[in-house]
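I opened this entry to record what I looked up, beginning with the surroundings of the ligand and moving on to the strands and the confidence values.

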Amino acid sequence: MENRQENYLELPENVLENAVLPSNLPSKISIYPTKDGSNTLRNPLLNDTYHSRDGAVAEALHVYVGAGLAHTLAKKPQIRLLEIGFGTGLNALMSLQYVQNQVENEINKTNTTFSVHYVGLEPAPLDYGLVKELGYIEKINAHRLETHFRMMHECENEAEIELSENFFFQKEQTQLAKFATKNLFDLVYFDAFAPRVQPELWTIDALAHLHQQMNTQGIMVTYCAKGQFKRDLRAIGFEVERLPAPKGRQEMTRAVKI
Ligand SMILES: C[S@@+](CC[C@H](N)C(=O)[O-])C[C@H]1O[C@@H](n2cnc3c(N)ncnc32)[C@H](O)[C@@H]1O
C-alpha cells in the first residue's frame with residue numbers, strides 16, 4: 001500500500017490552476033477504498049489520494065479533529081479554522097460532527113460557548129454526486145448532518161453559511177497563494193496533496209504565506225512529517241511538535257505560531 005508522502009510524479013507547476021472539475025471528467029477520478037473501510041478518491045493525474053490509504057476516516061479523526069480541533073478548542077472555544085484544501089469535505093464534516101457532540105456534552109457541564117468559523121480553500125471543487133458515493137454520512141453515522149454536508153458542497157462561493165449555532169462555514173474557490181486575509185486563523189488543517197506530488201504548496205514561501213494568515217499561538221496540523229518540511233516551519237517561526245500518526249504511519253506534525 002502506497003503512502004501519500006511517497007508518491008512521485010513530475011507535474012507542471014500550474015497543474016491545479018488549470019484543473020478540470022471531476023464532474024466534467026468522471027472517468028479520471030475514482031473511488032479508492034482505504035484500510036479502515038472508509039473510501040477516498042484517487043486522482044490519476046496526480047497519482048495521489050485525497051486521504052491516507054491506511055484510512056480516510058482514521059486520518060481525519062486523528063490528525064485534524066483530534067490533534068487539531070479538539071486540542072485547540074480545549075484552549076480557545078471560539079476559533080477561526082482554515083483548511084487547505086476542502087476536497088471531499090470529510091475533515092469539515094467530521095469537525096462539524098465533533099463540535100455538535102461537544103456542544104451537547106458540554107452544555108450540561110460547563111456551559112462553554114463554542115464557535116467555529118471554518119473557511120475551506122478549494123481550487124477544484126468536486127461534484128457532490130461523486131462525494132455522496134463515498135458514503136461518509138453512513139460511515140461516520142452522521143445522518144442528521146446530511147443536509148449540512150450537501151450545503152458545504154453546494155453553497156455559494158465565498159458566502160458564509162450558518163450550519164449550526166456553533167459552526168459557520170465558507171468555501172473559497174482559490175489557491176493558497178492567492179488567498180490573504182486580515183481575519184487571522186487560530187487553526188489550520190494543512191491537507192494539501194503530498195509534497196512530492198504538489199511541491200509548490202510545501203515551499204518555504206508557501207508556508208511563510210500560510211504563517212501570515214495565522215494568529216500568534218495559532219496551530220497548524222498536517223499528516224506530513226518530512227524533515228525538510230519541519231526545518232522550514234522552524235525557520236519561519238513555528239514551534240514544531242512531532243506526534244504519533246494514525247495506524248500505518250509513523251508521525252504527523254503539529255506546529256504553533258510563536
Ligand atoms: C489531499 S486533498 C484534501 C482532502 C480534503 N481535506 C478532504 O477532506 O477531502 C488536497 C486538496 O487540496 C486542493 N488543492 C490543490 N491545490 C491547492 C491550492 N493551491 N490551494 C488550496 N487547495 C488546493 C485539491 O484540489 C484537493 O482537494
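**Around the ligand**

I sorted the residues of the shell around the ligand by character and found eleven nonpolar, five polar and three charged. The model is predicted, and I kept that in mind while noting that, of the 19 residues around the ligand, G85, G87, T88, Q175 and D191 come nearest. I then asked which elements supply at least two residues of this shell each, and β4 (78-84) and α2 (90-106) both do so.

**Strand β4**

I looked next at burial in β4 and found six of its seven residues buried, so the strand is largely enclosed by the rest of the structure. Following its pairing, I found that β4 and β5 (residues 115-121) run parallel and are joined by seven bridges, with Q78 taking S115 as its bridge partner in β5. β4 also pairs in the parallel sense with β8 (residues 185-190), here over four bridges, and I noted L187 in β8 as the bridge partner of L81.

**Helix α7**

I checked how well α7 (residues 227-236) is covered and found that it hardly is, as one of its ten residues counts as buried. After α7 comes G237, for which I read a positive phi, near 120°.

**Confidence**

I looked up the mean pLDDT of the chain, which is 90, with 88% of the residues at 70 or more. Over residues 5-27, however, pLDDT stays under 50, although the model has 31 contacts beyond four places in sequence for them. Where pLDDT is low, the predicted coordinates should not be read in detail, and I left the contacts of residues 5-27 at that count.

Key: Residues are numbered from 1 along each chain as its sequence is written. This is a predicted model: local features need pLDDT of at least 70, side-chain atom pairs count only at pLDDT 80 or more; totals for chains, interfaces and linings use all residues. A residue is near a molecule or strand if its C-beta atom, placed from the backbone, lies within 6 Å of it. Ala, Val, Leu, Ile, Met, Phe, Trp, Tyr, Cys and Pro count as nonpolar, Asp, Glu, Lys and Arg as charged, and the others, Gly among them, as polar. A residue is buried if 20 or more other C-beta atoms lie within 10 Å of its own, exposed if 12 or fewer, and partly exposed in between; C-beta atoms are placed from the backbone. pLDDT is the predictor's confidence in each residue, from 0 to 100. Two residues are in contact if their C-beta atoms, placed from the backbone, lie within 7 Å. Two strands pair if DSSP finds at least two bridges between them.
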